[in-house]
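User: I'd like to go through the salt bridges here. Please keep the answers short.

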Amino acid sequence: MATDGPAPATGRTRPASPPSGPGEAPDADGYPGERFGLPETGPGSVATLLRRGGQFLLDSLLAGVVALIFTYPAPPQNWSLLTWAILMVVPVAVIGATPAMALLGMRVVRLDRPESAGVGLLWTLVRTASVFFIVPALIMDRDSRGIHDRASRTVVIRTR
């Protein structure tokens, strides 16, 4: 029997979805994260696009402020991009969350290693490089995962 992979909430495998009719997407009536064994709501469920958008804006603002501290009185210009990249890579690789994710109750988890604290440096670099161009983050699948999440085998979940 085929499986969709380990379920982050339990570590068990979940059976593949039943075949669907022509032109019909499998699990069309399911909720985001259902095929990964995630709950529909509450802790462990897939974070909403609104919450993730707020996180992106907060992390971007924080990166700009931190960069401004080092470049004042001149504007930070491209230094804010470097600061943003560091804020996205280091904490996600180590603990699985940026400062804004922690503030808003979210975390990035690897689908194949949900119990680990961080995502790992390689996958975080893949994820951050994709997010940098913004558009890949806006192209979502039925599990509310952008191209950057699919490329890095991750999903953003709620922690509270």
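User: Which residue forms a salt bridge with Asp 141?

Analyst: This is a predicted model, where local features need pLDDT of at least 70, side-chain atom pairs count only at pLDDT 80 or more, and totals for chains, interfaces and linings use all residues. Residues are numbered from 1 along each chain as its sequence is written, and side-chain values use heavy atoms, with hydrogens and water left out. A salt bridge is a side-chain nitrogen of Lys or Arg within 4 Å of a carboxyl oxygen of Asp or Glu. With closest N and O atoms 4.0 Å apart, the partner of Asp 141 is Arg 145.

User: Is Arg 145 buried or exposed?

Analyst: Buried means under 20% relative accessible area, exposed over 50%, and partly exposed in between (1.4 Å probe, protein chains only). Arg 145 has 6% relative accessibility, so it counts as buried.

User: Which residues are linked with Arg 145 in a network of salt bridges?

Analyst: One pair in the structure is Asp 143 with Arg 35. The network with Arg 145 takes in Arg 35, Asp 141, Asp 143 and Arg 150.

User: How far apart in sequence are the parts that Asp 143 and Arg 35 tie together?

Analyst: The closest N and O atoms of Asp 143 and Arg 35 are 2.4 Å apart. Asp 143 lies in the loop between helix 5 (135–138) and helix 6 (147–151), and Arg 35 in the loop between strand 2 (13–15) and helix 1 (49–71). Helices (H or I, at least four residues) and strands (E, at least two) are DSSP runs, numbered from the N terminus. The pair therefore ties together parts separated in sequence by 108 residues.
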